[in-house]
Structure formats: C-alpha cells, structure tokens
Amino acid sequence: MSVKYPNVRVQLTGNDGNAFAVLGRCVAAAKRQGVSSEECETFVGEATSGDYNHLLATAMKWFNVS
C-alpha cells in the first residue's frame with residue numbers, strides 16, 4: 001500500500017487522540033507541505049465518512065503517520 005502524500009509527516013502518537021484533533025493535525029501538516037485546500041477537503045470528507053478506525057486508516061493511507 002502506497003501513501004498518497006509520503007512527504008506529509010503527521011505525528012499522532014503521544015498527542016490528543018480526539019478525532020477532531022487528528023483531523024486538525026493532518027490538515028495542518030498537509031497545508032504546510034503545499035497540499036491544496038480542495039485536496040484537504042477531499043481528505044476530510046473521506047476521513048469522516050466512517051468511524052474512528054476509518055479516520056485513522058484514511059490518515060495512514062494519505063500521509064506518513066507515526
């Protein structure tokens with residue numbers, strides 16, 4: 001499985017695990033690396049289309065998560 005944006009690094013371990021905090025960290029990291037607002041909205045839409053586990057799986061599919 002390849003990561004869509006491997007240059008976007010998101011540190012989730014050791015941080016707030018709240019779903020909104022996870023989304024915020026992912027979007028902020030993506031924007032810092034130049035990912036467009038439209039693409040970030042696509043990520044958020046996909047990530048929030050399921051449960052919490054789906055959110056985490058989507059984050060790992062899109063970004064380099066640790």
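Let me start with a word we'll need: a residue is called buried when its relative accessible area is under 20%, exposed when that value is over 50%, and partly exposed in between, using a 1.4 Å probe and protein chains only. Thr58 is a nice example, because with a relative accessible area of 3% this residue is buried.

Before going on, two bits of housekeeping. This is a predicted model, so local features need pLDDT of at least 70, side-chain atom pairs count only at pLDDT 80 or more, and totals for chains, interfaces and linings use all residues. Residues are numbered from 1 along each chain as its sequence is written, and side-chain values use heavy atoms, with hydrogens and water left out.

Back to Thr58. Where does Thr58 lie? You'll find it in helix 3, which covers residues 52–62. Helices here are DSSP runs of H or I with at least four residues, strands are runs of E with at least two, and both are numbered from the N terminus. If we skip the neighbours within four places in sequence, Thr58 is in contact (heavy atoms within 4.5 Å) with Phe43, Glu46 and Ala47.

Those partners bring us to helix 2, residues 37–47. Which residues of helix 2 are buried? They are Glu39, Cys40, Phe43 and Ala47. Because these residues cover an arc of only 100° around the axis, they sit on the same side of helix 2; the arc is taken from the directions that run from the helix axis to the C-beta atoms. Now turn the helix around: the face pointing away from the buried side carries the exposed residues Glu38 and Glu41. And what covers the buried residues of helix 2? The cover includes strand 1 (5–10), helix 1 (19–32), helix 3 and strand 2 (63–65).

Let's stay with Glu39 for a moment. Glu39 counts as buried, at 18% relative accessibility. Not counting residues up to four places away in sequence, Glu39 touches Lys4, Tyr5 and Trp62. With Lys4 there is something extra: the side chains of Glu39 and Lys4 meet in a salt bridge, at 3.0 Å from N to O. Glu39 is in helix 2 and Lys4 in the segment before strand 1, so this pair ties together parts that are 35 residues apart in sequence. Lys4, for its part, is partly exposed, with a relative accessible area of 44%.

What do we mean by a salt bridge? It is a side-chain nitrogen of Lys or Arg within 4 Å of a carboxyl oxygen of Asp or Glu. As a general point, side chains of opposite charge can pair when their charged atoms come close.

How many salt bridges does the structure hold? It holds 2. Besides the Glu39 pair, the side chains of Glu46 and Lys61 meet in a salt bridge, at 2.6 Å from N to O. This pair links distant parts of the chain, with Glu46 in helix 2 and Lys61 in helix 3, 15 residues apart. Glu46 is partly exposed at a relative accessible area of 24%, and Lys61 also counts as partly exposed, at 37%.

Next, the cysteines. How many disulfides does a search of the whole structure find? The search finds 0, where a disulfide is a pair of cysteine sulfur atoms within 2.5 Å. Why is Cys40 not bonded to Cys26? The sulfur of Cys40 is 9.7 Å from its closest cysteine sulfur, the one in Cys26, and that is too far for a bond. Both residues are buried: Cys26 has a relative accessible area of 0%, and Cys40 has 5%.

Cys26 also leads us to the largest nonpolar core. A nonpolar core is a set of buried Ala, Val, Leu, Ile, Met, Phe, Trp, Tyr and Cys residues joined through side-chain atoms within 4.5 Å. Of the 17 residues in the largest one, Val8, Val10, Cys26, Ala30, Phe43 and Phe63 touch the most other members. Strand 1, helix 1, helix 2 and helix 3 each supply at least two residues of this core, and helix 1 gives the largest share, 6 residues. In soluble globular proteins, nonpolar side chains tend to be buried together.

Finally, take Val8. Leaving aside neighbours within four places in sequence, Val8 is in contact with Ala29, Ala30, Gln33, Val35, Phe63 and Asn64. Ala29 lies in helix 1 and is buried at 4% relative accessibility. The C-alpha atoms of Ala29 and Val8 are separated by 6.1 Å, although these residues are 21 apart along the chain.
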